[in-house]
Amino acid sequence: MQRKQQQTVLLVLMGLLIIALVWTILLFLPKSNAGYRLKVPAGYGISGVSRTLTANDVIYSRWVFVGTAHLLGMGDKIHRGNYRLPHSVSSWQILQRLRTGKPDSITVQIIEGNTFAQMRRIIDNTPDIEHTTRGWSDSKLLQQLGADHSYTHAEGLFFPATYDISSDSSDLSLYQQAYNTMQKHLQATWEERRSDLPYQTAYELLIMASLIEKETGHVEDRSNVAAVFVNRLNQHMRLQTDPSVIYGMGSRYKGKIGKADLRRDTPYNTYTRAGLPPSPIALPGKAALEAAAHPATNDYLYFVARNDGTGRSQFSHSLNEHNAAVRQYILKKR
């Protein structure tokens, strides 16, 4: 009888050992996947996560996963957000990531010279963030950001940069960060600007910076482009900058600008209207802001693209010089 009891105990121990061994294998054995991104919505606990992982064949056993989580005391204490998992990962590694790690950040790149409409499309198409502002009007967005009431256009008010935001964040937080960053750079640039510039407000400097951003094909030309525009404003000459005309054309622009477009009056046609356009025409970067605040000190009034693969422009002091440059760099290329 005693021997039979010993055999029973031994069998139980062996069974427990086998269970523990299987449990350990299922817990620690890596499982290959295509590089899975686990999305944990608000209110999701370990049970919901286990169902998601099982449905997507990322873990071997849901019960081992849930049981181990409870042994670790995790319960439902999981940060909402997105977790990028490696191509080979074990249940134990996933649990440790959920237990001690933070959700991945989402990287959104806004390029200098993008328009605000392009920025909105980029953000609207960014996966794994909450799209709170999708469908909002520009005016509603500015209101929610607490933007200055003097701003009637959203264009140019957001700083182009690469932003990292938490994957559980709303797109509104990204707009807020970009808006605040632009305000910071704009105010700093305005306070340090050259004293003899023809700008009445920091917003006018921002408009000028956007023109410089769109007209500059080479970084070393920025200060000269700024000088041309400032000199023309000081001499009451029209700016005659094509990017502003194109901006005013809106959806009518199909990649080319003709003489009729230059004659068709819009608030942004700097061939038909004097002074700066009514708003920025793009999102200028820091270098363009700096150029607007510190243009080169020269007498240039014209420039034309050299079209030689360098991105450089040819600058001229007079119309005769400019016409000669056009003949050399434009007409001879045709």
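**Figure 1. Helix H2 and the residue that follows it.** Asp57 comes after helix H2 in this predicted model. Its phi is positive, near 55°. H2 itself runs over residues 46-55. Its buried residues are Ile46, Gly48, Val49, Ser50, Thr52 and Leu53. An α-helix has 3.6 residues a turn, so residues three or four places apart point the same way. Cover for the buried residues of H2 comes from several elements. Among them are strand E2 (37-40), helix H3 (62-71) and helix H4 (91-100).

**Figure 2. Strand E5 and its alternating side chains.** E5 spans residues 105-109, and its side chains alternate between two faces. Ile106 and Val108 point to one face and are buried. Ser105, Thr107 and Gln109 point to the other face and are not buried.

**Figure 3. The pairing of E5 with E6.** Strand E6 covers residues 162-166. The two strands, E5 and E6, pair in the antiparallel sense. Five bridges join them. One bridge can be followed residue by residue: Thr107 has Asp164 in E6 as its partner. Thr107 is also one of the E5 residues on the face that is not buried.

**Figure 4. Phe315 in strand E8.** E8 consists of residues 313-316, and Phe315 sits in this strand. Phe315 has a relative accessibility of 9%; the cut-off for buried is under 20%, so Phe315 counts as buried. Which residues does Phe315 contact, leaving aside neighbours within four places in sequence? The partners are Asp221, Asn224, Val225, Val228, Tyr300, Tyr302, Phe303 and Glu321.

**Figure 5. Phe315 and Leu16 across the chain.** In sequence, 299 residues separate Phe315 from Leu16. In space, the C-alpha to C-alpha distance between them is 85 Å.

**Figure 6. The whole chain, as context for the close-ups.** The secondary structure comes to 13 helices and eight strands. The radius of gyration is 30 Å, well over the 20 Å that the globule rule gives for 334 residues, so the chain is more spread out than a compact globule. The C-alpha trace spans about 120 × 45 × 35 Å along its principal axes. Buried residues make up 43% of the 334 residues. Among contacts with a separation of 6 or more, 65% link residues 24 or more positions apart. The chain exposes about 18000 Å², and carbon and sulfur atoms supply 52% of that area. There are 38 positive and 28 negative side chains. The centres of these two sets lie 9 Å apart.

Key. Residues numbered from 1 in each chain as written. Predicted model: local features only at pLDDT ≥ 70, side-chain atom pairs only at ≥ 80, totals over all residues. Heavy atoms only, no water. Buried < 20%, exposed > 50% of the residue type's maximum accessible area, 1.4 Å probe, protein only. Helix = DSSP H or I, 4+ residues; strand = E, 2+ residues; numbered from the N terminus. Contact = heavy atoms within 4.5 Å. Rg over C-alpha atoms; globule rule 2.2 N^0.38 Å. Areas by Shrake-Rupley, 256 points an atom, 1.4 Å probe, with all protein chains shown as cover. Lys, Arg positive; Asp, Glu negative; His and termini not counted. Charge placed at Lys NZ, Arg CZ, Asp CG, Glu CD. Pairing = 2+ DSSP bridges.
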